[in-house]
Amino acid sequence: MSKASLSRRLLAWYDRHGRKTLPWKRKRDAYRIWVSEIMLQQTQVTTVIPYFERFIARFPNVQSLAQAKLDEVLHLWTGLGYYARARNLHQAAQRIVREHAGKFPRGFEAVTDLPGVGRSTAGAILALAFDQRHPILDGNVKRVLARYHAIDTPVNKRATEESLWQLAEKHTPRSRIADYTQAIMDLGATVCARAKPQCTGCPLRTDCRGHRSGTPQDFPVRAAKQKTPVKATHMLMIRDARGRVLLARRPPAGLWGGLWGFPECADGNVRQWCRKTLGLNICTESPWPMLRHSFSHFHLDITPIPARLVGGTDRAMENAETVWYNVRRPDRRGLSAPVKRLLEQLMSIEETN
DNA sequence: AACTCGGGGAT
DNA sequence: ATCCCAGAGTT
């Protein structure tokens, strides 16, 4: 047994080696901490930073976010993934303005009641913003605790996760909660990294059972998952006489919910599908090379098919759900990563014309 | 308790 | 190519 508690050693390490210059730590503002915590769900810090900077520059406070159009919020989320986070963030901002007079709530129940905020994110926000004592259990904490206690049951199982919550609660100190919360995440992100943990520099190594086992990298244990299936789709890049391309808004929920994308069809007669479904006559050109887009649960093989509109533009195709998009002048819409990439390729073709 | 939901960095 | 990341919501 070590003399000092885990939290005490962790805080001493944090005072020397913690990350204190992250953009959302420039000042202790619940709004900024909330936005950062949502962006950081299942997303690495280095990926989030430029998105966070742009988002805060455009929406510096909860009022500006609440008043924004969803299309613009999704636009600033384009490429970040998990777009339900953006929809929930927008809706939660409106509820904070309406139900909490524009002030971020300080009660745990009120915070978890906000869409997109669960047990761990609520704990992190309240700990980091208001120094309230709540445990968190994100990927970093799971890894640190699973190694420290050499937990050999899968962490992605219910029972293990519940015991990890108990350990997280037990280790959370009575004071300096904000620093401790940042400290255990920083340790997990740097010293106690997923690969090649640097145990030499770890303040917990004296009584870490994972380190004692000799193979700390074997923790945490995860249940094997089945291999990801492959799906296929065709994205129709229909261009009119002016070089504009047809985009349609996807359904508000589900995959890429609320984002704008190309009409998609399965394999078959593309021209016939287009006439029956969209009421448009087109002539297709030779397909572009297939591109694979990988999700956590399946791969999507995308075949981009450029096509020309035959005949005039149908007035019915200009409405709230469809638009003839000018690739030379991108506007503020949410786009999935592959659609954004294809639009940029279309634009570079326009440039050479 | 198991699925669904993105994209990218690291390996 | 796989793994996993400051997880939450739905079924």
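**Exercise 1.** Which polar backbone atom lies 2.6 Å from a phosphate oxygen of DNA strand B?

*Solution.* The structure is a predicted model, in which local features need pLDDT of at least 70, side-chain atom pairs count only at pLDDT 80 or more, and totals for chains, interfaces and linings use all residues. Residues are numbered from 1 along each chain as its sequence is written, chains are lettered from A and ligands numbered from 1 in the order in which they are written, and side-chain values use heavy atoms, with hydrogens and water left out.

Step 1. Take as near any residue with a heavy atom within 4 Å of the strand. Around DNA strand B there are 22 residues, and Tyr82, Tyr83, Arg158, Trp256 and His293 come nearest.

Step 2. Look for pairs of N or O atoms within 3.5 Å, the cut-off for a polar contact. The backbone atom sought belongs to Trp256.

**Exercise 2.** Find side-chain contacts to phosphate oxygens of DNA strand B.

*Solution.* Step 1. Tyr83 places a polar side-chain atom 2.6 Å from a phosphate oxygen.

Step 2. For His293, the corresponding distance from a polar side-chain atom is 2.5 Å.

Step 3. Among the strand atoms within 4 Å of the protein, 61% are sugar or phosphate, and the rest belong to bases.

**Exercise 3.** How many disulfides does a search of the whole structure find?

*Solution.* Step 1. Require two cysteine sulfur atoms within 2.5 Å. The search returns zero.

Step 2. Check Cys202: its nearest cysteine sulfur, that of Cys192, is 6.1 Å away.

Step 3. Check Cys283: the sulfur of Cys274, the nearest, is 11 Å away.

Note on methods:
A polar contact is a pair of N or O atoms within 3.5 Å; within protein, one must be able to donate a hydrogen and the other to accept it, and residues adjacent in sequence count only if both atoms are side-chain atoms.
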